[in-house]
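Open the structure in your viewer and keep the selection box handy. This tour moves stop by stop, with a selection to make at each one.

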Amino acid sequence: MFKKSISIIFFVTFTLQVLSQNTGFNSKINIRGKIAATSNKEFLVGALVSSGSNIVATDENGNFSLYVTSLPSTLKVEYLGFEPQEIVVENTQSLSIFLAEQTQNISEVTIKGFANSNTEARRRVESLQETPESVSSFSKEDIQAKGISNLVNFAAHVPNINFTTSQNAGTNFMIVRGIPQIRNGESPVAVVIDGVTVQDPNIMNRELYDISLVELVKGPQGALYGKNAIGGALNIITESPSNVQKYRVDMGYSTGNMYKLGVMGSGAVIEDKLFYRVSANFKRGDGVFKNETFNRAPDNMQDFSFRGQLKYIINENWSATATAQYFRTQAGAVYYAHARPGGQTYAPAAPGFPGAPVMKPNDFSGVIDSDIMGQSDLKNAFATLKFVGNLGKIRFQSVSAYSNSQIGYYGDLDFQKVSFFKQQQNNVNEIYNQEFRLMSQNPNARFTWSLGTFFQSLNKSLVLDALIINPTTQGYDKASNFGFPANLQSATDFTNTYNTLALFGFSDFKVTEKFTVSAGLRYDYDMISQKNRLLNTKPNTVNSQLQPKLSLSYKFVPGFMVYANYGLGYRSGGYNQEKSAVYDAFYKAETSNNYELGFKTTALKNRLLFNASAFYIDLSNQQQYAASFGSKGLIIGNYNYDKSSSIGVEADLKFRAMKYLDIIGSIGFTEAKIVKGGSTGTTDRKSFEGNYIPFVPRYTYNVGLQSTVPIKKDINLTGLLSYTSKGMIAWHDDNKDFNPSYGLVDARLGIATKSFEFGVFCNNILNQKYYTEWFAAAISGSGAGDIGWYGLPRIMGANATFKF
């Protein structure tokens, strides 16, 4: 099957290439050049160069390569914030084009449209409005205007996405179109930083600093982004080393005595040849909640991040980039709230236990009073080496990467003032990636393609200790310890190893100037093994999956495109600590059949951008998380639903209503349900069929007013007022408890010049209370009853930036 599928890829690729050679569609004359800023000669990455219907974007070195049908030919060059140029080219000599920064005319009354937005959703720079994918993309200007500093506030602006954190540094949950992330499992999206796949969901919520682009491409993206992209791909592009010297200092202060300091420096070691970029960011805060036992905040945090890059231009065709990153986050952990004493209680869970307190998801009177001040420590080191080269009409790319993450935390497990249970956990994730990719050079050819191979070695170690501190405290006796000895240790201790081999290909074929067919195929071969140190076992197995993707797009008129996509998504399975009443020793790989229909509209001279899509996802073996008891105590693991589904719609809007007023918004509705519950361990989930899938909001929407007003030459006043809402969430698959819908109001106001920026902000202005995670008493098993993780209250602060 594997050899047959790969043969099909190459056969189709060759056939379409032959067709494209004989249709007269291709432009034959190649024009090359470099684009830079007039003021400082800095390369402009992502500048658009067009001739007629042919359009390309400059690469990471400011270079472009455009094919035209004849000479002379007129080129149009555009870049956000710079004056456009038209150039008549009469020969094929390499061009050096310099763009001047735009000057603002305050008295001008014309309402200009939005500048063209670029995306790298398909691993190349292209216009967002002409990409047949559902993409939410934010440039560095958007990131600054919206105050996007991590994935939590990024997700607030993206429909049908929910991203939350809880428990400890590194515990993150991303839900995409009804596909949730699970604890100690894989994310539903591939995380790609500067073209490198980072297969570690624990480091997803790192601080987003010195970033030029962050975007989410929805739908299965295995053919382009690789392993575990069952729900999409999160694409993060950092700022590149520059050919000119530049420096920046960022400072900020906010509620909870949170202060931050960031620095950046970039420039040429050897002009036009060797460039560097270094950036560092530090944050520290006391916290905003209160532990009533200790009378101080349990949510303290300290975060340090560093990134260093070196880029070497070997010659006009080859370049190499080396990157090293390190970050460490130390933060409070395990500060769940529970009902205050004296209220309603459930029946006792076991002899010797009191009744567990009741605190429903719409009750925000819960108290944080653990008798252990939990702490967590997350460290990550990440290094990459990338080579990019031109081989005639083919572009070559090699990416090597290494990542090592270490996460540890300790804290209460009864979540109360009593000294009964505590927990501690340590994770180590070590990853090595190697990818080789070949791509066609001419993006305007009738047929474009990419082919590649990928290898990954991933080791994931998990050690969980659940300890009984004092079995006689508060009247609890040894008979109530679930049959386990006091001072129990190491209930979970194993390492899962994944060795992955993959081949992939993707192509676009322009049937006509308006109609394009895109197809991709990826084959993953996962060799999965476990070293179980408690049970002294070494099981192993193989998961393999072919992942096709097909896309059709049609441009009816300029500014209006419709598209239809199909893709098969895949998320690998893995081993639990052991079989329990809730799950089996091995949880299965998850697959999905995804169908999407959408359109993209640009109207009113680019003043109106409106994109919408509808989707249906049919999932097999969808993965979920649960805590249970094993042979040596409390364990955590994953299980599968046999069948589930998700159906929904979503839309994005940008409208320039007035010269200095933009209306922005997004909305999404998702109905994700369990179709066939199946059974794992000794648990039969048939009674859950027809229930909502846990953790999935029924809807999300965001609406905002955004403005940039020039008050003097090169001085702008900026503002943003936004409202974000999330619908009901089922916390467990029995659907007995739902989180109520809630909304958050945020505002930002700032002033910016070329060398200085200052702004103030207030998030959650109305101080809305809400939970980001909630467990019913029967699920938590803690004795504290129902427990919840509070979302952030009102946060106010100020930021300042100095540029040199």
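How many bridges join strand E2 to E3? Select residues 48-51, which form E2. Four bridges link this strand to E3, and the two run antiparallel. Keep in mind throughout that this is a predicted model.

**Stop 1: the open sheet**

Stay with E2 and pick Val-49. Opposite Val-49 stands Val-56, in E3. Now widen the selection to the whole sheet. Four strands make up this open sheet, in the order E3-E2-E5-E6, and their pairing is antiparallel. Which strands are at the edges? Select 54-57 for strand E3 and 85-89 for strand E6. Each of these edge strands pairs on one side only. Look along the sheet next. On average, neighbouring strands are turned by 25 degrees against each other, with direction ignored.

**Stop 2: the largest nonpolar core**

Select Tyr-336 and Phe-415. Both belong to the largest nonpolar core, which has 48 residues, and these two touch the most other members. Then colour the strands that supply two or more residues to this core. Among them are strand E12 (172-176), strand E28 (447-468) and strand E36 (608-630). Strand E38 (661-676), strand E47 (771-775) and strand E48 (787-790) are also on that list. So which element gives the largest share? Select 633-658, strand E37. E37 contributes five residues, the largest share of this core.

Another core, of 34 residues, lies apart from this one. To find it, select Ile-148, Ile-161, Val-198 and Ala-331, which are among its members.

**Stop 3: a nonpolar surface patch**

Switch to a surface view. Select Tyr-247, Met-251, Leu-261, Val-263, Phe-802 and Phe-804. Together they make a nonpolar patch of about 560 Å². Two elements give two or more residues to the patch: strand E17 (246-254) and strand E18 (258-270).

Zoom in on Tyr-247, in strand E17. Why does Tyr-247 count as partly exposed? Its relative accessible area is 38%, and the partly exposed class runs between 20% and 50%.

**Stop 4: a long-range contact**

Select Val-288. This residue is in the loop between strand E19 (274-285) and strand E20 (301-313). Val-288 counts as partly exposed, because its relative accessibility is 26%. Add Pro-793 to the selection and draw a distance between the C-alpha atoms. The two residues are 505 residues apart along the chain, yet their C-alpha atoms are separated by 7.7 Å.

Notes: Residues are numbered from 1 along each chain as its sequence is written. This is a predicted model: local features need pLDDT of at least 70, side-chain atom pairs count only at pLDDT 80 or more; totals for chains, interfaces and linings use all residues. Side-chain values use heavy atoms; hydrogens and water are left out. Patches are made of residues with over 30% relative accessible area and no salt bridge: like charges are joined within 9 Å, nonpolar side chains (Val, Leu, Ile, Met, Phe, Trp, Tyr) within 5 Å. Accessible areas come from the Shrake-Rupley method with a 1.4 Å probe; for residues, only the protein chains shown count as cover. A salt bridge is a side-chain nitrogen of Lys or Arg within 4 Å of a carboxyl oxygen of Asp or Glu. Buried means under 20% relative accessible area, exposed over 50%, partly exposed in between (1.4 Å probe, protein chains only). Two strands pair if DSSP finds at least two bridges between them. Axes are lines fitted to C-alpha atoms, for helices over the stretch in contact, and angles run from 0 to 180 degrees between N-to-C directions. A nonpolar core is a set of buried Ala, Val, Leu, Ile, Met, Phe, Trp, Tyr and Cys residues joined through side-chain atoms within 4.5 Å.
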